[in-house]
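Open the model in a viewer and keep a selection prompt at hand. The stops below go from the whole chain to single side chains.

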Amino acid sequence: MATAAQVSVTALPTLQKLGSTVDPNIDAQAVAKAWFDAFVNAVAAKDAAAVVDLLVDDAFWRDMLALTWDYRTFEGGDRVKEFLTDQLPRFSPSGFKLREDLVGLQTPFEDLAWIQGYFTFDTTVGRASGIFRLVPVADGSWKGHTVYTNLEDLEGFPEKIGSLRNKETNHGKWAEARRKEQECLDEEPSVIIIGGGQSGLEAAARLKVLGVKALVIERNERVGDNWRKRYAALCLHDPVWYDHMPYLPFPPTWPVFTPALKLADWLEFYAHSLELDVWTCTRVTSVEPGTKGKKWTVKVVRWDGRERLFEVNHVVFALGFSSDTIRMPNIPDQDKFEGQVLHASKHKLASDHLHKKVVVVGACTSAHDICSDYADHGVDVTMVQRSSTYVMSTKNGIPMLLGALYAENGPPTDLADRINSSFPNAIVKLLHQRVTKMLAEADKDILDGLRKVGFKLNMGEDESGLLQLVLKKAGGYYFDVGASQKIIDGKIKLKADGHIARFTPTGLLFEDGSTLDADVVIFATGYENAREAYLQLLPADLHSAVQPVWGINEEGELNSVSREIGGRGPGASRVAGLWSLMGNLAMCRFFSKHVALQIKAYEEGIFGERYQRGF
């Protein structure tokens, strides 16, 4: 099993570390082609040692399904060699083609330089893509530092898009056929997807173009209500170029930052336009082991009380980051408080509390959004900060973190996704340590202002900023879109110098003896983790087989997202066919295809064996 020491990268491949320099006029095309030709020959010969000879000693190989049927990151020559020795004979990669138009020298920092190349290839099961980065070494040659391989399509089962779309005319038959399809009258679904947010809809869209019938079960009245029913001030802090959805990107008139209500309507439009089968006002009440030749029996209850049982081999849990169970601190004497107490999930409008004193407990995204909305409405609002927060501005942070990948004139989204995913997370952490320092300097005025009023800041795990907080906690940060200045200016009051001891009839008492008057106390303190929502639908004897969902493993890969929820645990076979998909729009766009490819491979009997060595 890989240890933490093995996973931790001590240094980036700097020119000083490599003992080399780079001529800015180097013929990157010639260097890349020469290396790629040698790489292809070594792979064709299934000579793992020869491949490793083309890499630096501390190289990485990250694979997504193409050569492992899993998500794996191998660090160091020995581990890469072991992996290739095992897997090259099984997948027989061939048909390599270098995209010469995508080869180029990149210098992200003065002391970092690599030649990046993009290629495609075939395996015994499908078509795949890859990305390599070459770094200069002391003898003047170039060697691979990172190699990334990704499954794109299954052999014989292409997506039915573009030239493979339906070419038949349809005179007056579409509406009735669509009704039957939507109601699953003539064909039972092969997949039940629980949740009709972006993750569920994108999974359904990916499966549909692969010819797999999926039914989305959404408990709300309308598709998009998971965004529509949240607090009115909610707005995405990721830019539009990062958030496009598969097969139907946002139009060029779309704003950079999407209001939640606008996104809700788009999701409804998306489901309708792509003819996704969605049952709204419907709940899944249980997912039990199947009894009629399928793996799972899914019981659903519709809006009018009708029950229906589906026998399927696959269930996708697309329930978002959190369960229905809110996370509320147990503060004594709440019953003595004469005002209103609610969780942020129940908050809707700042105008509900005009002329009242509002206290918001929490200091991450939701807390900032809610406080900012109250301030805009002239409400006396105080933020209670219990622990430090990582803060970065969207103005400076988005360009620095996403760069030219996701921008107005950036590369096609599919290509950007693959480039973005080609960096092992351990490398990204080290790069982000540098970017985080630069970003803090760019945000200096805001950060200094926050410190001056007592707001507690941090720089993320090991000063790596945002990414590790997202991957490990899915929280602990705020993308500043204006609330920070309101805190500095006192429009949002701040209480960050003590822990809450108990409620009083008129507000809160803190451990240091200070008090805070309030008519309304809102807890922006999050939810329990997604795993709890899954367990609520499964029989108790399967709970131990469900592995952690969010968070990263020792190789830096997500635990169970976009794969079966049994992970690599001892009870994995007991929950085979139960999948997890979650994340922001960008993650769901990318990983929804991986989920769909795995399910299609299972359905067609071509799914291989997940590569387990190293765990």
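Helices and strands here are DSSP runs, with at least four residues for a helix (H or I) and at least two for a strand (E), numbered from the N terminus. The model is a predicted one.

**Whole protein**

Select everything and colour by secondary structure: the protein has 19 helices and 26 strands. Its radius of gyration is 26 Å, close to the 25 Å that the globule rule gives for 615 residues, so the protein is as compact as a globular protein of that length. The C-alpha trace spans about 75 × 65 × 50 Å along the principal axes.

Now colour by accessibility. Of the 615 residues, 54% are buried. The exposed surface of the protein comes to about 26400 Å², and 51% of that is supplied by carbon and sulfur atoms. If you draw a contact map, count contacts between residues at least 6 apart in sequence: 67% of these join residues at least 24 apart.

**Residues 55-64 and 71-75**

Select strand 1 (residues 55-64) together with strand 2. The two pair in the antiparallel sense over 5 bridges, and they form a hairpin with 6 residues between them. In the turn, check L65, which has a positive phi of about 75°. Across the pairing, F60 stands opposite E75 in strand 2.

Is strand 2 (residues 71-75) enclosed or open? Of its 5 residues, 5 are buried, so strand 2 is largely enclosed by the rest of the structure. Show its side chains: Y71, T73 and E75 point one way, R72 and F74 point the other way, and all are buried.

**Residues 500-517**

Next comes an open sheet of 3 strands in the order 21-22-23, with antiparallel pairing. Strand 21 (500-504) and strand 23 (515-517) stand at the edges with a single partner strand each, so one side of each has no neighbour in the sheet. From one strand to the next, the twist averages 20°. Strand 22 (residues 507-510) pairs with strand 23 over 3 bridges, in the antiparallel sense. To find one of the bridge partners, select L508 and then L516, its partner in strand 23.

**Salt bridges**

Switch to charged side chains. The structure holds 44 salt bridges.

Begin in helix 6 (residues 174-183), where R178 and E181 lie 3 residues apart, about one turn of the helix. R178 and E181 form a salt bridge, with 2.8 Å between the closest N and O atoms. R178 is buried at a relative accessible area of 11%, whereas E181 is partly exposed at 28%. Add K208, K213 and D277 to the selection: with R178 and E181 they are linked in a network of salt bridges.

Move on to R308 and E188, whose side chains meet in a salt bridge (2.7 Å, N to O). What does this pair tie together? R308 lies in strand 12 (residues 307-312) and E188 in the loop between helix 6 and strand 7 (191-194), so the pair joins parts that are 120 residues apart in sequence. R308 counts as partly exposed at 23% relative accessibility; E188 is also partly exposed, with a relative accessible area of 40%.

The last stop is D333 with K336. Their side chains meet in a salt bridge at 3.7 Å, N to O. D333 is partly exposed, with a relative accessible area of 22%.

Note on methods:
Residues numbered from 1 in each chain as written. Predicted model: local features only at pLDDT ≥ 70, side-chain atom pairs only at ≥ 80, totals over all residues. Heavy atoms only, no water. Pairing = 2+ DSSP bridges. Axes fitted to C-alpha atoms, helices over the stretch in contact; angles between N-to-C directions. Buried < 20%, exposed > 50% of the residue type's maximum accessible area, 1.4 Å probe, protein only. Rg over C-alpha atoms; globule rule 2.2 N^0.38 Å. Contact = heavy atoms within 4.5 Å. Areas by Shrake-Rupley, 256 points an atom, 1.4 Å probe, with all protein chains shown as cover. Salt bridge = Lys/Arg side-chain N within 4 Å of Asp/Glu carboxyl O.
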